Amino acid sequence: MGMGSKLAVAVLAAGKGTRMKSSLPKVLHPLGGRSLVDCALDSLGTLTPSHQLVIVGYGADQVKAALAHRPQITFVEQTQQLGTGHAVQQVLPHLAGFDGDLLVLNGDVPLLRPSTLEELWTVHRRQGNAATLLTAQFDDPTGYGRVFCTDDHVVTEIIEHRDCTDSQRQNRRINAGVYCFSWPALEAVLPHLKAENDQNEYYLTDVVQDLAPVMAVDVADPEEIQGINNRKQLAAAYDILQDRIKDAWMAAGVTLINPASITIDPTVELAPDVVIEPQTHLRGQTQVGCGSRIGPGSLIENSQLGENVTVLYSVISDSTVAKDSRIGPYAHLRGQVTIGQGCRVGNFVEIKKSTLGDRVNAAHLSYLGDATLGDRVNIGAGTITANYDGYQKHPTVIGDRTKTGSNSVLVAPVTLGSDVTVGAGSVVTKDVEDDCLVVARAKQITLPGWRPAPRRATPDSPQ
Ligand code: UD1
Ligand code: CA
């Protein structure tokens, strides 16, 4: 980048967020799989500031840990939360000698689009402003700072809601908490803030009185700049985010049936002609292939589903399902399960940390844990891998085409070869070679002509 296009960013994330009534720092509250502060940082999009400063204070260690996946961040401690202006004062030593622009974001403004920030910075440079800030006209501006400006958007003053007179509160133009400053200009006035307001805090917004020109840019979509101060606003932001995600997937060729009952994390990827049925929730690093039908009533988390997979009333986490497999109703796959192609898993089947080959059926009432199954295995109704001896988990290995009878228990560690048939009700404790029938149950005893001894009927016993 050439001269005059240098950018730094400071994200304010030191406040407790008293109005959340939570022990978790406000900026760490999750919004669709990401924390609020992560959302704020994601709104940088393709902007690559040379300095990424995050101001931390309340719960600093927690906030740092939550952002550990972003090594480019420098954390700046604000040990006492004396206001947004005081927060930005903490970056002074970090930006000594920097002569570019500083983008300031509130850590609790999660819905900004990258294009909006790019536009803000572009306008800021084109107009040669000392500061440029995002504003909007809100029907209900309660709680926000009011921006006072001339007809041509030159900002004269920002007054917090609580410091406004009744007539000032009629101003519906609000401060989004998103600013672009010329750093040398801000650096010069920042040390002179005074805490003369209702909260006795140092307000960043007060610098506008000492800078010129300061311009307001009305954001095209006011939803973007909603701040999160309480749980109700958190819920509203979630709905906005969900609408955006769902609109985008529908535009990309995904059918959502009753979208209001569906939730999809921003990290999810869906192929065209996927159908998502009601009451279905897709979370984390989940991908779904073409033509798959998920739901109703399913939760898929950090899982990869291939093409033409169907999932009905089931929970799948941290697992992979290959194409043409049918999962459910009522299946639970968890902890690194791999399901091959064309399998049938469902009707009350739980699978944990197991691999199934292609065309395996486990269609009724089973538990498979720490198991490796070949191709075309048939798991009979009620088959259980007894994988836990009270201390350790043990593996079960089942070869191709092997069939387990109903209600068999495979006591791990145990290996069944291929083409094995396990008789119903067997408790298999020893390895079985290929091509064997194994029956491990008490022999049936049949006594011909046997009858129970006659008993005298009592008045209230059934005859
Ligand atoms: C702030 C603005 C207000 C604007 C609103 C937009 C000021 C004085 N007011 O008000 O004009 O309409 O945002 O959402 O700036 N923080 C710190 N250290 C502190 C105080 C706050 O890091 O000492 C952080 C908070 O963690 C939060 C952000 O700054 O992420 C904003 O603080 P908050 O108290 O929510 O400000 P608002 O009252 O919403
Ligand atoms: Ca706020």
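In the predicted model, D108 is a buried residue, with a relative accessible area of 10%. Together with N229, D108 coordinates the calcium ion (ligand 2). The contacts are made through OD of D108 and OD1 of N229, at 2.4 to 2.5 Å. D108 belongs to the loop between β6 (101–106) and α4 (114–127), whereas N229 belongs to the loop between β11 (214–218) and α7 (231–251), so the two residues tie together parts that are 121 residues apart in sequence. N229 likewise counts as buried, at 16% relative accessibility.

Strand β11, which precedes the loop of N229, also pairs with strand β7. Strand β7 comprises residues 131–137, and because 6 of these 7 residues are buried, the strand is largely enclosed by the rest of the structure. The pairing of β7 with β11 is parallel and involves 5 bridges. A further 6 bridges join β7 to strand β10 (residues 173–182), and here the two strands run antiparallel. A131 illustrates both pairings: its bridge partner in β10 is F181, and its bridge partner in β11 is V214.

With regard to cysteines, a search of the whole structure finds 0 disulfides. C149 takes part in none; the nearest cysteine sulfur to that of C149 belongs to C164 and is 13 Å away. For C180, the closest cysteine sulfur is that of C149, at 17 Å, which is too far for a bond. A disulfide in this analysis requires two cysteine sulfur atoms within 2.5 Å. The surroundings of C149 and C180 can also be described by accessibility. C149 counts as partly exposed, at 24% relative accessibility, whereas C180 counts as buried, at 0%.

At the surface, a nonpolar patch is formed by L312, Y313, Y330, F348 and L365. The accessible area of these residues together is about 510 Å². One member of the patch, L312, is located in the loop between β21 (310–311) and β22 (315–317). L312 has a relative accessible area of 34% and is therefore partly exposed, in contrast to the buried calcium ligands D108 and N229.

Conventions: Residues numbered from 1 in each chain as written. Chains lettered and ligands numbered in written order. Predicted model: local features only at pLDDT ≥ 70, side-chain atom pairs only at ≥ 80, totals over all residues. Heavy atoms only, no water. Donors = N, O, S within 2.8 Å, 3.2 Å for Na, K, Ca; no water. Helix = DSSP H or I, 4+ residues; strand = E, 2+ residues; numbered from the N terminus. Buried < 20%, exposed > 50% of the residue type's maximum accessible area, 1.4 Å probe, protein only. Pairing = 2+ DSSP bridges. Patch = residues over 30% accessible without salt bridge, like charges linked within 9 Å, V, L, I, M, F, W, Y side chains within 5 Å. Areas by Shrake-Rupley, 256 points an atom, 1.4 Å probe, with all protein chains shown as cover. Salt bridge = Lys/Arg side-chain N within 4 Å of Asp/Glu carboxyl O.
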